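Open the structure in your viewer and keep the selection tool at hand. The tour goes from one selection to the next and says what is there.

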Amino acid sequence: MMNKETDNFMNRVRRALTLPIRTRCAELTVLFDRGSTLDLQNFFPLLIDNIFGPQGTVSWGLRVARDVNEDFRQLEHFLSPCGPVFKLIYTLLKDPSAKYDFPVMYLPIKVQQILENAQAHPFYADLVHVNPQTKHVISLLLNPFDYYMFHFAYHLINPWHQRTGTMLTTTHQQVSWNTVYYVLCCDYMLHFLPTSPGTSVLPVIYYNGKNPIQPLQQMHKSPVGSKLINANLLNKSIEEYTFHQNFGRHPRNQIWRTETVLTVFIDMWLNNDQISQPTNQINSSFNSSPVPRLLQYSELPTSEYMRIVRVLMKQLHAFSASAKIDDTHMCELKKIAIPMVEGKFYIFLRNLIHRWPLDGSFRLLLELWLTYIQPWRYPPDVAQMDLKKQNLDSEENNAAASPIVDREHLPFIAENLLIYVVIFQQLLPRFSRVDLVSPKMSVMLYRISKVFNQANLAHLLKEIEQCIENNHSPSHSYSSHWLSNLPPLNPTSKWCTNTSLNASNLWPLNSTMNSESSPFNSLRNINFTADASSSAFMNSLLGDKKWSAIVKQRIYELEGPTFCYKPLFSVPPAPEVFELIMQIKRSIRVAQELVQIKKMEDQELNGSFFGLFKMLWEPPRTTDEFSLNERLKVPEYLDKSLEHLKQLFQISELPETDLDTSAGTSSGSSGLEIANDFKFLTPARVRERMKKIKYEGDPDLYPIRSTEITFLVRMFYQLSLQINENFRQKFCGLYYEPSYWGRLSRQLLLPPITTYRYDKTKPGSPRVSTELPPRVSLRYFASYNFWTYLIIGGIIAVTLGYSLPVYLLFLVFIILLYKCIKAIAGNPVRHNYPTQGFGNISFDDSF
């Protein structure tokens with residue numbers, strides 16, 4: 001009898017999973033209430049696999065359904081923290097023996113490496129499932145809550161669902177990224193990572209399936225080969241960033257859900273193999289897995305991914321800051337939230353910046369970085385309900401009232417000095433290789449300069465940099481094997497490189513700065529402002545090694561023993577700063593000229609009645625993708641960026657003569673003139689080349705213009721294709737006849753042309769030519785102009801008392817009569833084209 005009821009329940013469940021989303025959620029909610037505990041335990045893994053599709057099977061489309069979709073609300077409610085699925089989870093948690101296997105292959109490589117010594121990790125210690133014969137970890141044994149959260153986090157990085165995720169886009173419309181998955185991420189972070197003091201995760205449950213964290217001897221061992229900090233300091237930091245052992249005062253069963261969400265989201269999303277591993281290693285390891293070789297990782301994460309990680313950083317800052325006013329058991333977990341993410345996030349950023357293209361989509365990564373380095377913007381008393389309503393355009397407005405950076409954030413800045421300095425040094429040279437006249441690039445430069453020019457931030461960075469020793473002859477016995485696997489930094493004349501430590505590339509000025517032929521030699525005479533009192537204060541801090549050990553330990557852990565740290569603030573500033581400043585000043589002049597040209601074009605169009613009439617019938621054809629309002633903001637952004645950079649690096653003046661003389665000189669020690677280096681493409685040269693680019697493909701396959709009707713273009717193209725395929729032999733014969741019919745055919749048919757394309761299937765992508773014979777093209781009839789004139793003529797004909805068929809026949813007669821008369825006066829000489837060979841041409845080769 002019991003087996004029949006179980007089979008009946010499973011049959012109803014499988015039938016419900018095939019229903020539409022709205023009906024499916026309602027039917028499953030009823031089944032959750034009616035099923036027995038045993039039935040629900042057996043059904044739960046089937047439900048999770050059906051929702052997320054971890055093996056590439058059909059999922060519920062959480063990353064596809066957006067807020068404009070009718071299924072959005074049903075899915076959001078069904079999977080919400082207090083929805084039917086979590087009620088089912090809490091029901092299953094009443095049985096502590098209910099465990100489910102989560103395959104290790106779903107975990108990032110770095111997490112799999114952690115599991116090899118899982119007993120040293122307080123979270124994974126009681127989760128690993130080891131094969132008793134091979135002694136290898138084969139899976140994680142998880143309770144229903146952990147099982148759901150692991151699958152939910154893996155859904156974002158699952159390569160099977162990368163193609164269905166929100167693709168990278170530079171548009172700022174919320175409809176492009178506000179998916180069910182994104183909203184659920186925000187809900188889970190707000191619910192399970194509370195920022196209000198004394199707030200407990202609801203519903204309050206008592207689950208004794210989690211083992212209390214035991215004292216671990218491995219946690220108190222010094223890092224291998226590290227002699228940068230003494231044992232007392234290390235033990236002190238460990239005691240600060242680990243749980244206290246008084247479990248009567250700090251029971252784990254009250255915070256374990258927060259611990260799971262915090263650990264799983266950080267480990268799964270920031271250790272993603274798609275980002276933290278080189279592309280060739282990703283694909284090789286991915287292809288060796290059970291997943292087919294045809295599926296590859298894409299190089300860049302989706303915009304949805306970047307926004308979710310940014311939301312996580314915001315909530316972690318607020319969650320961690322609330323520890324100061326929290327006296328509950330959650331306090332100790334809040335203290336270790338930021339230390340858990342520091343190193344992983346730095347590697348995450350370094351890898352992404354290295355491979356991100358120089359386009360407007362970089363704004364997503366930039367705002368993620370700026371969010372993390374400004375923890376003072378996310379205090380716990382600020383309402384976090386706006387996480388779902390991110391808007392990149394409002395960031396500069398929201399930062400207008402930024403408070404002064406208080407000294408209480410000095411420990412955070414010291415722990416994350418590399419994220420401030422090295423990332424800044426990695427980013428700033430990028431803006432010397434882009435077109436700053438573009439509104440997208442100018443606003444990104446403005447955001448960086450504004451954030452770093454916040455009151456007291458530069459002072460705190462300088463204070464920490466002054467505490468770092470200038471060690472010319474390191475004697476530490478470092479290991480030759482390094483696991484961070486970070487990409488190399490771009491070699492610069494004075495800033496960071498991943499080269500070995502030596503006396504020539506550390507703090508002293510580079511030889512390029514001292515060279516007489518250096519383009520920056522004249523810049524050394526520029527006045528640099530410096531407060532004498534602050535300088536004396538900084539010198540007094542040279543003996544204070546309070547932050548030196550922390551920074552050196554971070555360098556050792558993240559960049560490796562051969563990494564050469566070079567300060568951000570030096571006197572004089574690095575040549576990269578002057579390069580950028582000179583480019584900003586040149587870009588300001590170009591941006592102002594573009595604004596004037598844009599204004600003149602608008603005045604010509606809107607200045608008279610005929611201009612407006614012409615704009616209605618023939619929309620202006622322009623290659624500029626930005627409006628006049630966007631162009632007007634560019635000089636303002638660049639002016640403010642220039643002012644911020646001068647204040648940040650204490651540059652008091654910059655003579656125009658120096659800028660003009662060095663404008664064409666390249667950076668570094670190459671000494672090459674940009675004007676004479678044909679391999680160096682400046683933004684001006686790129687714009688110059690763009691003007692000479694012309695389309696050499698099939699005219700019928702030219703991208704659809706704004707003056708054409710999209711569906712008519714495609715419809716007439718298919719019609720033309722069928723006509724040309726059926727009558728190409730007759731068209732070729734008629735076109736080359738010397739008679740009157742040949743001249744008439746040359747009036748009605750398009751002439752033969754040679755098209756070119758690049759064959760990307762062959763090495764080097766050779767330029768391949770294709771001959772197109774005489775053919776029919778109906779694309780003109782898909783233009784707005786043709787239909788406008790046709791409708792106006794029809795209205796006039798009906799007004800004069802003629803029917804539409806008569807009007808259309810008369811129109812066809814007039815056109816044919818015009819072509820016939822023109823054919824009489826046409827060239828009677830036969831075109832000297834070959835008549836043979838056109839019969840073998842297939843239109844499928846070009847269309």
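A salt bridge is a side-chain nitrogen of Lys or Arg within 4 Å of a carboxyl oxygen of Asp or Glu. Keep in mind that this is a predicted model.

**Stop 1: salt bridges**

In total, the structure holds 20 salt bridges. Select Lys334 and Asp326 to see one of them: their side chains meet with 2.6 Å from N to O. Both ends of this pair, Lys334 and Asp326, are buried.

Next, select Arg767 and Glu696. Their side chains also form a salt bridge, at 2.6 Å from N to O. Where in the chain do Arg767 and Glu696 lie? Arg767 belongs to strand S5 (residues 767-772), while Glu696 is in the loop between helix H29 (683-692) and helix H30 (710-735), so the salt bridge ties together parts that are 71 residues apart in sequence. Arg767 is partly exposed, with 43% relative accessibility, and Glu696 is partly exposed too, at 28%.

Now select Glu708 and Arg779, whose side chains meet in a salt bridge of 2.9 Å, N to O. Glu708 sits in the loop between H29 and H30, and Arg779 in the loop between S5 and H32, so this pair ties together parts that are 71 residues apart in sequence. Are Glu708 and Arg779 buried or exposed? Both Glu708 and Arg779 are buried.

To finish this stop, select Arg310, Arg363, Glu367 and Arg447 together. Salt bridges link these four residues in a network.

**Stop 2: charges over rings**

Select Arg24 and Trp60. Arg24 lies over the face of Trp60, 4.9 Å from the ring centre. Then go to Arg430 and Phe362: here the charged end of Arg430 sits over the ring of Phe362, at 4.2 Å from its centre.

**Stop 3: rings that pair**

Rings of Phe, Tyr and Trp count as a pair if their centres lie within 6.5 Å, and planes over 60 degrees apart make the pair edge-to-face. By this rule there are 47 aromatic pairs. Select Tyr695 and Tyr702: the ring centres are 4.9 Å apart and the planes stand at 85 degrees, so this pair is edge-to-face. Tyr695 is partly exposed, with a relative accessible area of 38%. Tyr702 is partly exposed as well, at 34%.

Move on to Tyr740 and Trp741. Their ring centres are 5.8 Å apart and their planes at 70 degrees, so this pair is edge-to-face too. How accessible is Trp741? Trp741 has a relative accessible area of 57%, which makes it exposed. Its partner Tyr740 has 26% and counts as partly exposed.

**Stop 4: a covered helix**

Select residues 256-270, which form helix H10. At 1.5 Å a residue, these 15 residues should span 21 Å, and the C-alpha atoms at the two ends are 21 Å apart, which agrees. How many of the residues of H10 are buried? The count is 15 of 15, so H10 is mostly covered, given that buried means under 20% relative accessible area.

**Stop 5: a nonpolar patch**

Last, select Ile792, Ile796, Leu800, Tyr802 and Val806. These residues make a nonpolar surface patch of about 480 Å². One of them, Ile796, is found in helix H32 (residues 784-799). Ile796 is partly exposed, with a relative accessible area of 46%.

How values were computed: Residues are numbered from 1 along each chain as its sequence is written. This is a predicted model: local features need pLDDT of at least 70, side-chain atom pairs count only at pLDDT 80 or more; totals for chains, interfaces and linings use all residues. Side-chain values use heavy atoms; hydrogens and water are left out. Patches are made of residues with over 30% relative accessible area and no salt bridge: like charges are joined within 9 Å, nonpolar side chains (Val, Leu, Ile, Met, Phe, Trp, Tyr) within 5 Å. Accessible areas come from the Shrake-Rupley method with a 1.4 Å probe; for residues, only the protein chains shown count as cover. Helices (H or I, at least four residues) and strands (E, at least two) are DSSP runs, numbered from the N terminus. Buried means under 20% relative accessible area, exposed over 50%, partly exposed in between (1.4 Å probe, protein chains only). The expected span of a helix is 1.5 Å times one less than its number of residues. Rings of Phe, Tyr and Trp (its six-membered ring) pair if their centres lie within 6.5 Å; planes under 30 degrees apart count as stacked, over 60 as edge-to-face and the rest as tilted. A charge sits over a ring if NZ of Lys or CZ of Arg is within 6 Å of the ring centre and within 35 degrees of the ring normal.
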